[in-house]
Amino acid sequence: MSDTVRRKGRTGYLLMLPGVIWLLIFFLIPFYSLVAASLYDPSGSDIDGYQMTYHWGNYWDALVQYGKPDGWAPADWSPLIRSLVYGGLATFFCLILGYVLAYAIAFKAGRWKNLMLVLVIAPFFTSFLIRTLSWKLLLADDGWIVNTLQFLHILGSDGHLLATPVAVVTGLTYNFLPFMVLPLFASIDKIDYRLIEASNDLYANPLVGFFKVTWPLSLPGVVSGTLLTFIPAVGDYINAELLGSTSTRMIGSVIQSLFTEANDYPAASALSVMLMILIIGMVLLYVRRAGTEELL
Amino acid sequence: MRWLRERIVLILGLAVLVYTFIPIGVVVLMSFNKPKSEQSKLYRFEAFTLDNWLHPCNDPSMCAALGRSISIGLLATLVATILGTLLAFALVRHDFAGRSMMNLLIFMPMASPEIVMGSSLLALFVAAGFAGQLGFWTILIAHIMFCLSFVVVTVRARLAGMNDTLEAAAMDLYATPRETFWKVTFPLVFPGILGAALLAFSLSFDDFIITNLNAGNTTTFPMYVWGVSRKTVPMQVNVIGTVMLIISIAIVLGGEYRNRRQARALATN
């Protein structure tokens with residue numbers, strides 16, 4: 001923070017007022033409406049109206065129907081479990097790809113640093129949905145990716161990628177990569193490169209040097225990058241719907257269709273509240289474990 | 001071997017960068033695709049044509065959706081940028097009670113899953129009796145809401161990185177507070193505000209999940225793409241994707257060029 005003097009008085013409050021009111025009415029109060037809707041009597045409908053009966057059973061019903069897996073096999077997972085696993089996997093792959101890219105930009109790009117940063121963001125200005133449609137083409141059964149994998153016998157001759165969890169995780173990883181790269185870059189770029197050179201001199205193995213010096217120093221970026229990737233990836237359903245099949249449905253898809261197609265507001269709201277609580281819980285736990293509480 | 005060892009990270013990094021461009025290549029390629037039949041469900045390259053570029057509005061409903069997305073984007077950007085800039089000034093330049101609550105309120109919309117924000121807003125609209133009026137205005141309200149935080153964060157970063165020496169100098173030279181603000185402060189913050197506005201527009205233009213929940217029967221461009229993705233995708237969609245890419249790269253490169261020229265001008269003075 002600069003040495004700017006913060007003025008006291010009414011002006012500050014007046015400047016804040018319109019923005020704060022907007023966020024209160026259209027961001028904070030809606031959470032209250034959501035919780036309220038999740039406690040409506042499920043026998044109502046959006047046309048006849050709902051009765052507020054504090055029907056906590058909505059949560060239990062939603063959890064049994066969409067949260068409880070039918071078995072251990074991936075095909076038997078529930079949409080909720082699937083979302084967490086797919087989101088987690090996508091975050092993991094984003095971390096690996098994003099770290100390599102951010103490290104290369106921060107330390108190896110030289111005078112091309114700015115250009116490379118621009119190139120990281122550029123593809124993501126093309127619409128999210130159009131990008132995901134491209135993956136549909138790339139992963140298609142007669143596409144070059146499937147053909148190559150079949151040629152290498154990684155995939156059976158009748159194997160395919162589209163409509164499988166692999167395709168969904170591929171799409172999620174691709175679409176949320178910039179959310180990982182940018183915070184990682186911000187964090188790695190701040191590291192004094194001489195520390196890394198010193199570690200290379202002192203540790204025989206560059207890998208040991210990396211895990212003892214670079215990685216710990218980049219942790220703030222790792223934490224914010226993984227959060228910024230994981231949270232939207234868990235809630236996303238565009239990838240699961242466009243690249244997956246009915247057996248890869250994610251929780252966002254269930255909530256969306258309960259709201260817009262089934263018009264079952266109480267169940268949809270209960271699921272939505274549970275997703276939010278689950279994510280807040282996981283984030284708090286994770287931030288505490290990672291020890292970077294000053295982030296929040 | 002030594003050459004490779006020194007450059008392996010850069011090579012891997014470039015490989016990741018190439019990977020991010022593969023689907024973009026597909027978008028550009030498909031914008032020149034001529035599908036075998038109009039109803040072809042297969043989404044693959046068949047033959048070269050310029051038709052898609054010459055007749056982008058072959059499906060009028062696509063261009064209507066596009067126009068709607070652009071007007072919502074512009075309006076949402078305007079309102080979110082004004083409200084967000086005022087908020088950023090208050091946060092950096094003014095003292096007030098409840099600063100940490102304020103920071104939390106601004107941070108939360110960026111950290112909440114879209115599906116939760118979208119369904120909450122829908123629950124509010126339904127509870128308030130607007131279930132039948134979902135459409136342009138409810139989409140606009142939602143977009144202003146989720147763009148606002150990003151504007152605040154971007155403008156705040158610019159303001160916080162600026163020290164007030166120049167403003168103090170202007171005041172010493174008997175500029176009135178108003179003159180100081182419009183002749184010194186505002187021009188200095190402006191690049192941050194412009195960046196925030198561009199970010200807000202691209203967020204609004206691209207949003208699907210929140211929009212889809214609060215749109216009623218109104219269709220925005222992402223919703224149109226979603227709709228056709230289940231049936232036949234008109235190749236014109238890829239023309240729009242390519243144009244968006246070109247415009248954004250032009251804006252970013254233009255900004256970069258301006259920065260370099262300014263830096264050079266400052267260096268030679």
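What pLDDT does chain A average, and what share of the residues score at least 70? Chain A averages 86, and 95% of the residues score at least 70; pLDDT is the predictor's confidence in each residue, from 0 to 100.

Before you start clicking, two notes on conventions. This is a predicted model, in which local features need pLDDT of at least 70 and side-chain atom pairs count only at pLDDT 80 or more, while totals for chains, interfaces and linings use all residues. Residues are numbered from 1 along each chain as its sequence is written, and chains are lettered from A and ligands numbered from 1 in the order in which they are written.

**Stop 1: chain A as a whole**

Select chain A and switch to cartoon. You will find 13 helices and zero strands; helices (H or I, at least four residues) and strands (E, at least two) are DSSP runs, numbered from the N terminus. The C-alpha trace spans about 75 × 70 × 35 Å along its principal axes.

Now colour by confidence. Among the elements of chain A, helix α3 (residues 79-108) has the highest mean, at 94, and helix α6 (residues 144-151) the lowest, at 82. Where pLDDT is low, the predicted coordinates should not be read in detail.

Of the 296 residues in chain A, 45% are buried (20 or more other C-beta atoms within 10 Å of the residue's own; 12 or fewer is exposed, in between is partly exposed, and C-beta atoms are placed from the backbone). Among contacts between residues at least 6 apart in sequence, 67% join residues at least 24 apart; a contact means C-beta atoms, placed from the backbone, within 7 Å.

**Stop 2: inside helix α7**

Next, pick G171(A), which lies in helix α7 (residues 165-189) of chain A. G171(A) counts as buried because it has 28 C-beta neighbours inside 10 Å. Show its surroundings: beyond the neighbours within four places in sequence, G171(A) is in contact with T132(A), W135(A), N239(A) and L243(A). Try a distance label to L133(A) too: the two residues are 38 apart in sequence and 9.6 Å apart in space, C-alpha to C-alpha.

**Stop 3: a loop residue in each chain**

Step back to A163(A), in the loop between α6 and α7 of chain A. Its phi is near 70°, a positive value in a residue other than glycine. A163(A) counts as partly exposed, because it has 17 C-beta neighbours inside 10 Å.

Then jump to Y174(B), in the loop between α7 (165-172) and α8 (177-206) of chain B. Phi of Y174(B) is also positive, near 70°. Y174(B) is exposed, with 7 other C-beta atoms within 10 Å.

**Stop 4: where the chains meet**

Show both chains. Their contact takes 74 residues from chain A and 71 residues from chain B. Helix α1 (residues 10-37) gives the most to the chain A side, with 18 residues. That side has 50 nonpolar, 16 polar and eight charged residues (nonpolar: Ala, Val, Leu, Ile, Met, Phe, Trp, Tyr, Cys and Pro; charged: Asp, Glu, Lys and Arg; polar: the others, Gly among them).

Finally, isolate α1(A) and helix α3 (residues 60-93) of chain B. They pack at an angle of about 135°, with their axes 8 Å apart. That makes α1(A) oblique to α3(B) (neither under 35 degrees, roughly parallel, nor over 145, roughly antiparallel, nor 65 to 115, roughly perpendicular). Residues to show as sticks include G12(A), L15(A) and W22(A) in α1(A), and L83(B), G84(B) and F89(B) in α3(B), which are among those that meet here. The residues of this helix contact divide into nine nonpolar, three polar and no charged.

Note on methods: Two residues are in contact if their C-beta atoms, placed from the backbone, lie within 7 Å. Axes are lines fitted to C-alpha atoms, for helices over the stretch in contact, and angles run from 0 to 180 degrees between N-to-C directions.
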